[in-house]
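Let's take a walk through this structure together. Have a look at the sequence and the model first, and then we can go from one site to the next.

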Amino acid sequence: MRDIPVLFNNKDECCGCAACYSICPQRAITMSEDEMGFEYPIIDKTKCVCCSICIKTCPVKINAL
Ligand code: SF4
Ligand code: SF4
């Protein structure tokens, strides 16, 4: 059983591009605005099927490889 991906641990690991949100086949990701008005993705664990497409699409994680 694969785990639900961790899109970011700290906000500097996410530029808010919403690529993960756009590509999720389950529509399990929503973009949520923080207190500064920046949007960050949140995964609905009840919808996620742990396919990891979101992580593989994330430009920040690609650059970190
Ligand atoms: S792992 Fe798959 S289903 Fe889960 S949030 Fe990412 S893209 Fe969506
Ligand atoms: S794809 Fe990566 S950088 Fe873009 S919103 Fe999702 S987690 Fe953040």
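What follows goes through the surroundings of the two ligands and then the contacts made by aromatic rings.

Please keep in mind that this is a predicted model. A good place to begin is ligand 1. Its surroundings include the cysteines Cys24, Cys48, Cys50, Cys51 and Cys54. Pro5, Pro25, Gln26, Ile29, Ile43, Val49 and Ser52 are also part of this shell. By residue class, the shell around ligand 1 holds 10 nonpolar and two polar residues, with no charged residue.

Now turn to ligand 2, which is surrounded by 13 residues. The closest of them are Cys14, Cys17, Ala18, Cys20 and Cys58. Two helices are worth finding here: α1 (19-23) and α3 (59-64) each supply at least two residues of this shell. The largest share, three residues, comes from α3. In the shell around ligand 2, 11 residues are nonpolar, one is polar and one is charged.

Next come the rings. The model has one aromatic pair. It is formed by Phe8 and Tyr40 in a tilted arrangement, with 5.6 Å from centre to centre and 45° between the planes. The pair links distant parts of the chain, as Phe8 lies in the segment before α1 and Tyr40 in strand β2 (residues 39-43), 32 residues apart. Are the two partners buried or partly exposed? Tyr40 counts as buried because its relative accessibility is 12%, whereas Phe8, with a relative accessible area of 22%, is partly exposed; the cut-off for buried is under 20%.

One further ring contact is found at Tyr21: the charged end of Arg27 sits over its ring, 5.3 Å from the centre.

Terms used. Residues numbered from 1 in each chain as written. Chains lettered and ligands numbered in written order. Predicted model: local features only at pLDDT ≥ 70, side-chain atom pairs only at ≥ 80, totals over all residues. Heavy atoms only, no water. Near = heavy atom within 4 Å. Nonpolar A, V, L, I, M, F, W, Y, C, P; charged D, E, K, R; others polar. Helix = DSSP H or I, 4+ residues; strand = E, 2+ residues; numbered from the N terminus. Phe/Tyr/Trp six-rings, centres within 6.5 Å; stacked < 30°, edge-to-face > 60°. Buried < 20%, exposed > 50% of the residue type's maximum accessible area, 1.4 Å probe, protein only. Lys NZ or Arg CZ within 6 Å of the ring centre and 35° of its normal.
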